[in-house]
Amino acid sequence: MATLLIVHHTPSPNCQAMFEAVVSGATDPEIEDVRVVRVPALSATASDVLAADGYLLGTPANLGYMSGALKHFFDQVYYPCLDATRGRPFGYWVHGGNDVTGAVRGIESITTGLGWRRAAEAVTVTGEPGKGDVEKCWELGATVAAGLMG
């Protein structure tokens, strides 16, 4: 059975709504043989990353960058996971008040360095997520999880 690791920082109702939609998509009953593990960014470890076959990452955009929690996650796992996780699929979502550019750039830069392969379009939302945004989050979760099915 494949494992999908969802690493998230969800400090606001908007981030929580996006996270819940991603989880709902990833755990859809039609997706078989994929175990979904959800870990807050400040608790996720290199062992969690090494044990997973793919990743979903979620963060707010804070002061023009990803959250400190997600950055801390990357700082903790980067070198221990660098060679062992190269080529693994990932996706991500970002919520911001008015701009997510810096957060997106940071995530893209770090995941490129890790050699991870983006398996779905990123979902970026500014302001309150609408119905279409929530649907995109569901699709993100479902797409990355379905890609791990045997």
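**Figure 1. Aromatic pairs in the predicted model.** Six aromatic pairs are counted in this structure. One of them joins Phe 73 and Phe 74, whose rings lie 5.3 Å apart from centre to centre. With 50 degrees between the ring planes, the Phe 73–Phe 74 pair is tilted. Both residues are buried: Phe 73 has a relative accessibility of 0%, and Phe 74 has a relative accessible area of 1%.

**Figure 2. The ring pair of Tyr 78 and Tyr 79.** The ring centres of Tyr 78 and Tyr 79 are 5.0 Å apart. Their planes meet at 80 degrees, and the pair is therefore edge-to-face, since an angle over 60 degrees is assigned to that class. Tyr 79 is exposed, at 67% relative accessibility.

**Figure 3. An aromatic cluster of four residues.** Tyr 55, Phe 90, Tyr 92 and Trp 116 together make up one aromatic cluster.

**Figure 4. The surroundings of His 95 in strand β5.** Strand β5 spans residues 89-96 and includes His 95. His 95 has a relative accessibility of 8% and so counts as buried, the limit for this class being under 20%. Its side chain reaches the backbone oxygen of Gly 127 at a distance of 2.6 Å. When neighbours within four places in sequence are left aside, the residues in contact with His 95 are Asn 14, Cys 15, Met 18, Thr 59, Pro 60, Ala 61, Val 100, Val 125, Gly 127 and Pro 129. Gly 127 thus appears in this view both as a contact of His 95 and as the residue whose backbone oxygen is reached by the His 95 side chain.

Terms used
Residues are numbered from 1 along each chain as its sequence is written. This is a predicted model: local features need pLDDT of at least 70, side-chain atom pairs count only at pLDDT 80 or more; totals for chains, interfaces and linings use all residues. Side-chain values use heavy atoms; hydrogens and water are left out. Rings of Phe, Tyr and Trp (its six-membered ring) pair if their centres lie within 6.5 Å; planes under 30 degrees apart count as stacked, over 60 as edge-to-face and the rest as tilted. Buried means under 20% relative accessible area, exposed over 50%, partly exposed in between (1.4 Å probe, protein chains only). Helices (H or I, at least four residues) and strands (E, at least two) are DSSP runs, numbered from the N terminus. A polar contact is a pair of N or O atoms within 3.5 Å; within protein, one must be able to donate a hydrogen and the other to accept it, and residues adjacent in sequence count only if both atoms are side-chain atoms. Contact means heavy atoms within 4.5 Å.
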